[in-house]
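Visitor: Could you take me slowly through the salt bridges of this protein, looking closely at one part of it? I am new to reading structures, so please connect each step to the next.

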Amino acid sequence: MKRVVAELRVDFVNGSVAHRLRFGGGRGQDLAKAMGLRAGKTPMIIDATAGLGRDSFLLASLGAQVTMIERSEKMHALLTDGMERAASEGGQLREIIGRMTLLKGDAKDLIPELSGEAILIDPMHPERKNSALVKQDLRQVREIVGTDDDAADLVRLAIKHARKRVVLKWPAKADPIEGVQACSHQIRGKTTRYDVFMTG
C-alpha cells in the first residue's frame, strides 16, 4: 500500500518547533552558542539558506533580529504562509515572528547589501549513505530546492562580508566543504556540527 505523504508546510505553531521553543534549552543550545548569542550579546543574524525557517525561528525566540534569505519560489511561499499563521496566533509567537524578516533572492546577491554580524549557512547536505535517516520533510525540501552546488562560493562570500562570524551547519561526520578555509572552531553535536569562521 502506498503511503500518503503529507504536503510540506512550514509550521511554527505546532510540532518540533513548538517543542523546541518550550524545552530547547535557551541560549545553551549548540546553534545559539555557535551564532554568538551570549549573556548580553545578541548579534544581528542573516540566515542565508532559510529552508523551513526552524533555525531562524529558534534564534528569533532567543531575542535575535533575523533576516532570512530564500531563493526557491516555493519555499519562500511556504515560509510566508507559516509566518503569517504564527503571527496571527498573537502573543509570544507574534513577537518572535516580528523579529524575523524574509527576503526572496540569492544570498550571494543580497549578503553584500546587508549588514550582518553573524551569518548562518545550512546548505542541502550531501546525500547520506543511509537515506532512511533523512526525515521526510527534509527529503521534500531537497526535491524542491535540489542540491546547493554553490555552497563553497556562498561560504567564501559570507566570510568576506560578515562583521563577526559565519557559521556553517553541516553533518557531524561529513568532510569539510572543499575550497573553503579552515574554520576557527567547531561546536559538535551528535548528528550536526557547526563550523565557526570568526571574521571580526
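Guide: In this predicted model, a search of the whole structure finds 13 salt bridges, and a good place to begin is arginine 71. Its salt bridge is with aspartate 150, and the closest N and O atoms of the two are 2.8 Å apart. Arginine 71 lies in the loop between E2 and H4, while aspartate 150 lies in the loop between helix H7 (136-145) and helix H8 (151-161), so the pair ties together parts that are 79 residues apart in sequence. With a relative accessible area of 36%, arginine 71 is partly exposed, whereas aspartate 150, at 17%, is buried, because buried means under 20% relative accessible area.

Another salt bridge joins lysine 108 to aspartate 106, with the closest N and O atoms 3.6 Å apart; lysine 108 counts as partly exposed at 24% relative accessibility, and aspartate 106 is partly exposed too, at 22%.

In helix H8, aspartate 153 and arginine 156 are three residues apart, which means that about one helical turn separates them. Salt bridges that share partners join Arg71, Asp106, Lys108 and Asp150 into one network. As for aspartate 153 and arginine 156, their side chains meet in a salt bridge of 2.6 Å, N to O.

Arginine 71 also appears in a database record: in an unreviewed entry, UniProt lists Arg54, Asp55, Glu70, Arg71 and Asp122 under "binding site". Of these residues, the lining of the largest cavity includes Arg54, which is found in helix H3 (residues 54-61).

Notes. Residues are numbered from 1 along each chain as its sequence is written. This is a predicted model: local features need pLDDT of at least 70, side-chain atom pairs count only at pLDDT 80 or more; totals for chains, interfaces and linings use all residues. Side-chain values use heavy atoms; hydrogens and water are left out. UniProt positions are given in the numbering used here, feature names are shortened, and annotations may be inferred rather than shown by experiment. On a 1 Å grid over the protein atoms alone, a cavity is a set of points where a 1.4 Å probe fits but cannot get out, and a pocket is an open set with protein on both sides within 12 Å along at least five of seven lines; lining residues have an atom within 4 Å of a point. Helices (H or I, at least four residues) and strands (E, at least two) are DSSP runs, numbered from the N terminus. Buried means under 20% relative accessible area, exposed over 50%, partly exposed in between (1.4 Å probe, protein chains only). A salt bridge is a side-chain nitrogen of Lys or Arg within 4 Å of a carboxyl oxygen of Asp or Glu.
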